[in-house]
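Welcome, and please open your viewer with side chains switched on. We will walk through some charged pairs, one stop at a time.

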Amino acid sequence: MSDFLTDIQTLRERARAKIEEGPITESYGADRDRVVEVLNEALATEIVCVLRYKRHYYMADGLNAGPVAAEFLQHANEEMGHADQIALRITQLQGAPNFNPDGITDRSHAEYVEGTTLVDMIREDLVAERIAIESYSEIIRWLGDKDTTTRRLMEDILAVEEEHADDLLNLLADLNT
């Protein structure tokens with residue numbers, strides 16, 4: 001048998017001793033309060049992105065508006081899914097997801113910029129995606145192996161944000177040709 005695993009009796013005793021901590025065990029190596037705070041910033045970022053994408057969906061007009069608006073709506077729905085995943089993780093860490101609209105733009109990494117034309121809207125969404133990509137990459141590196149569940153969640157979200165940025169870049173290229 002390998003030496004890396006704590007003996008079973010010790011694992012059982014630890015599990016019973018701190019049952020009120022749910023999924024948080026001694027192997028959790030991160031500062032839980034700080035992780036919850038960072039996740040609440042990511043939650044605010046996702047909510048701001050949902051709101052911006054929804055506005056862009058409804059405000060898109062012109063000859064090319066149909067497929068672009070459809071992309072905006074798809075992104076809004078995916079960002080809402082990210083917000084739900086982040087909020088769930090916050091509660092798993094015994095924190096409280098901050099959905100309070102007061103200060104949401106201050107907590108968000110991305111800005112809420114409306115844009116006036118279809119191209120402006122796409123550009124603003126692409127800027128926001130690039131901000132999310134950079135900040136989520138930093139969060140992933142910061143978490144390292146101290147909270148692998150949160151890191152994997154953020155990695156999954158990051159992959160979708162990168163897809164969004166690619167989609168938006170392609171839309172810009174299509175409109176500029």
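Start by selecting Arg34, which is partly exposed at 34% relative accessibility (buried means under 20% relative accessible area, exposed over 50%, partly exposed in between, with a 1.4 Å probe and protein chains only). Now add Glu37, also partly exposed, with a relative accessible area of 43%. The two form a salt bridge, and their closest N and O atoms are 2.7 Å apart; the term stands for a side-chain nitrogen of Lys or Arg within 4 Å of a carboxyl oxygen of Asp or Glu. Both sit in helix H2 (residues 32–59), three residues apart, so about one helical turn separates them. Helices (H or I, at least four residues) and strands (E, at least two) are DSSP runs, numbered from the N terminus.

A word on what you are viewing: this is a predicted model, where local features need pLDDT of at least 70, side-chain atom pairs count only at pLDDT 80 or more, and totals for chains, interfaces and linings use all residues. Residues are numbered from 1 along each chain as its sequence is written, and side-chain values use heavy atoms, leaving out hydrogens and water.

Next, select Arg89 and Asp147. Their salt bridge has its closest N and O atoms 3.0 Å apart. This pair links distant parts of the chain, 58 residues apart: Arg89 lies in helix H3 (residues 65–92), Asp147 in the loop between H5 and helix H6 (148–175). Are these two residues buried or exposed? Both Arg89 and Asp147 are buried.

To explore further, keep in mind that the structure holds five salt bridges.
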